[in-house]
Amino acid sequence: MPKLAVTGCTGEVGRRVVAVGRKQGHSVVGIDLASKDMEFNADPSFTFLQADLRDYDQTLNAIRGCDGIVQLAGVRWPADYVATTHNT
């Protein structure tokens, strides 16, 4: 069973992508900074990871073992965004 990571999984689009991925037989890892109760939390094909994707190590740990990534995470207020670079 392919393992799919969905960042921004608690958002309006992310929730729908998780649902479709599960329906298509994927094992889904939902990744988000915000923790919310989701209707499929009890489903064994779904795993939720709370991670700050601006942190390189947290990102690597969250996507480890995934076969594909759907990147839907975003910062709602760009003025609040603090960028960290890796290997510069």
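**Strand order, pairing and cores in the predicted model**

Read from the N terminus onward, the chain follows the pattern β-α-β-β-α-β. The model described here is a predicted one. Two helices and four strands make up its secondary structure elements. Of the 88 residues of the chain, 30% count as buried. The accessible surface comes to about 6000 Å², and carbon and sulfur atoms contribute 53% of that area. Among contacts in the chain with a separation of 6 or more, 48% are accounted for by residues 24 or more positions apart.

The strand pairings are a good place to start. Strand β1 (residues 3-7) runs parallel to β2, and five bridges join the two. Within this pairing, T7 stands opposite I31 of β2. Between the two strands the chain passes through helix α1 (residues 12-23), and this β-α-β crossover is right-handed. A further bridge position in β1 is A5, which stands opposite V29 in β2. On β4, the bridge partner of A5 is I69. The pairing of β1 with strand β4 (residues 68-71) is again parallel and extends over four bridges. β2, in turn, pairs with strand β3 (residues 46-50), also in the parallel sense, over five bridges. Here V29 is found opposite T47 of β3. V29 thus has A5 of β1 opposite and T47 of β3 opposite as well.

Turning to burial, β1 is mostly covered, with four of its five residues buried. For β2, six of its six residues are buried. In a regular strand, side chains alternate between the two faces of the sheet. In β2 both faces are covered: S27, V29 and I31 lie on one side, V28, G30 and D32 on the other, and all are buried.

I31 deserves a closer look. This residue belongs to strand β2 (residues 27-32). I31 counts as buried because its relative accessible area is 0%, against a cut-off of under 20%. Leaving aside neighbours within four places in sequence, I31 is in contact with A5, V6, T7, G8, C9, L49, A51, L53, A62 and I63. One of these partners, L53, is 22 residues away in sequence, with a C-alpha to C-alpha distance of 8.6 Å from I31.

The nonpolar residues can be followed next. In soluble globular proteins, nonpolar side chains tend to be buried together. In this chain, the largest nonpolar core has eight residues, namely L4, V6, C9, V18, V28, M38, F40 and F46. A second, separate core has six residues, including A5, A51, A62 and C66. As a member of the largest core, L4 touches H26, S27, V28, V29, G68, I69 and V70, when residues up to four places away in sequence are not counted.

Two local features frame the second helix. At the N-terminal end of helix α2 (residues 56-63), D55 acts as the cap, with a side-chain oxygen 3.1 Å from the backbone nitrogen of D57. Just after α2 comes G65, which takes a positive phi of about 85°.

Technical notes: Residues are numbered from 1 along each chain as its sequence is written. This is a predicted model: local features need pLDDT of at least 70, side-chain atom pairs count only at pLDDT 80 or more; totals for chains, interfaces and linings use all residues. Side-chain values use heavy atoms; hydrogens and water are left out. A nonpolar core is a set of buried Ala, Val, Leu, Ile, Met, Phe, Trp, Tyr and Cys residues joined through side-chain atoms within 4.5 Å. Buried means under 20% relative accessible area, exposed over 50%, partly exposed in between (1.4 Å probe, protein chains only). Contact means heavy atoms within 4.5 Å. Accessible areas come from the Shrake-Rupley method with a 1.4 Å probe; for residues, only the protein chains shown count as cover. Two strands pair if DSSP finds at least two bridges between them. A crossover is right-handed if, with the strands pointing away from the viewer, the path from the first strand over the helix to the second runs clockwise. A polar contact is a pair of N or O atoms within 3.5 Å; within protein, one must be able to donate a hydrogen and the other to accept it, and residues adjacent in sequence count only if both atoms are side-chain atoms.
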